[in-house]
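Me: I'd like to understand the words people use when they talk about a protein model. Could we go through them with this one?

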Amino acid sequence: MTRVREAVILMAGQGSRLRGSDQTILKPFVPVNGQALISYTLEALIHEGISTLNFVVGYESERVIAQLKPLLPAGVSSSFIENRDWKKQNGVSVLSAAGYVSNPFLLAMSDHVFETAVLSRLLDSSVPSFLNVAVDRKLGAIFDLADAMKVRTRDDNIIDIGKNLQKYDAIDTGMFICPLKIFSYLKQAQSVSDASDCSLADGVRLMARDGKVRAIDIGDGWWQDVDTPQMLQHAERRIRKSRSCSAQSALT
C-alpha cells in the first residue's frame with residue numbers, strides 16, 4: 001500500500017501536570033535535553049516522509065502557533081486547526097480535524113517521544129481500512145504503568161482499551177494510523193455524552209467492538225509519554241542512553 005504522508009498532531013491541552021503553575025512556558029516547548037519536546041515528534045515524522053502536518057491547537061493557540069512555526073522545516077505543508085473546546089477530552093480534538101484530511105492519516109501526540117523505528121514499523125505494517133494502533137507489550141518496561149492507556153488484544157486485534165482495565169496485555173503508545181471512519185465513531189461516542197464530550201479511547205473502543213482495530217507491536221522499540229516531571233526525567237535518561245549507544249556504534 002502507499003505509505004501515509006499526512007499527520008494530525010494533537011497539542012490543544014494545557015499541560016498543567018507537567019508545567020505546574022508556571023504559565024511562562026507552553027508544554028510542547030518544554031526543554032527535553034535542551035530541545036523542545038515537540039521537536040522530537042517533528043524530526044521523526046519528517047524522517048519517515050510525512051509531508052503534511054495538521055496541528056490541533058487550543059490552549060494559548062496564538063502563542064503555540066507563533067513558537068511552532070520557526071521549528072517547521074522548509075518544504076512541509078502545515079495547517080493549524082483550532083479546537084475551541086480544548087478543555088474537553090482528546091476525542092474532541094481529533095474530531096476538529098475531520099474536515100482537513102481526506103485519506104488515512106497518522107495521528108500523533110505532541111507530548112510523546114519515541115524512536116523513529118517505532119513510527120517506521122507502524123507505517124509499514126498498517127492496513128488502511130482499519131484503525132492501526134502502535135502498542136507496547138513490554139509491560140515491565142513501562143514507566144508509570146498505572147497512568148498508561150491499557151489495551152487487551154486477541155491475536156492482532158484490539159478488543160478493549162482503557163486506563164482502568166483489569167486484564168490487559170499491551171499499552172497504547174499514542175501513535176495511530178487512522179481511517180476516515182474514526183470520525184464517525186468519535187461522533188457516535190460524543191452523541192451519548194451529556195456534555196458532547198468524548199475521549200479518543202471512547203472511539204477506539206467502539207471500533208474495537210466492530211472488529212476494526214489492529215494492534216501493531218513495536219517490538220524492542222522505546223517511547224515515552226511526557227506528562228509529568230518524573231516522565232520528563234525518564235525520557236531524558238532514555239534519550240541520552242540512546243544517543244550514547246548510537247555514538248558508540250558509529251565508532252566501531
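Reply: Here are some questions and answers on this predicted model.

Me: Let's begin with the whole chain. What makes the protein chain as compact as a globular protein of its length?

Reply: Start with the parts: the secondary structure comes to eight helices and 13 strands. The radius of gyration is 17 Å, and the globule rule gives 18 Å for 252 residues; the two values are close, so the chain counts as compact in the way a globular protein of that length is. The C-alpha atoms fill a box of roughly 50 × 40 × 40 Å along the principal axes.

Me: How many of the residues are buried?

Reply: Buried residues make up 52% of the 252 in the protein chain. A residue earns that word when its relative accessible area is under 20%.

Me: Then why is Cys178 called buried?

Reply: Its relative accessibility is 1%. The cut-off is under 20%, so Cys178 counts as buried. Cys198 gets the word by the same test, because its value is 0%.

Me: And why is Ile46 called partly exposed?

Reply: The relative accessible area of Ile46 is 31%. Buried would need under 20% and exposed over 50%, so Ile46 falls in between and is called partly exposed. You will find Ile46 in helix α2.

Me: Which residues does Ile46 touch, not counting those up to four places away in sequence?

Reply: They are Leu53, Pro73 and Val76. To call that a contact, heavy atoms must lie within 4.5 Å.

Me: Back to the cysteines. How do you know that Cys198 has no bond to Cys178?

Reply: First, a little background: a disulfide is a covalent bond between the sulfur atoms of two cysteines. To count as one here, the sulfur atoms must be within 2.5 Å. The sulfur of Cys198 is 13 Å from the closest cysteine sulfur, in Cys178, so the pair is too far apart for a bond. A search of the whole structure finds zero disulfides.

Me: One last topic, helix α5. Which of its residues are buried?

Reply: In α5, residues 116–125, the buried ones are Val118, Leu119, Ser120, Leu122 and Leu123.

Me: What do the buried residues of α5 pack against?

Reply: They pack against α2 (37–47) and several strands, including β6 (105–109), β8 (131–136) and β11 (170–178).

How values were computed:
Residues are numbered from 1 along each chain as its sequence is written. This is a predicted model: local features need pLDDT of at least 70, side-chain atom pairs count only at pLDDT 80 or more; totals for chains, interfaces and linings use all residues. Side-chain values use heavy atoms; hydrogens and water are left out. Helices (H or I, at least four residues) and strands (E, at least two) are DSSP runs, numbered from the N terminus. The radius of gyration is taken over C-alpha atoms; the globule rule is 2.2 Å times the number of residues to the power 0.38. Buried means under 20% relative accessible area, exposed over 50%, partly exposed in between (1.4 Å probe, protein chains only).
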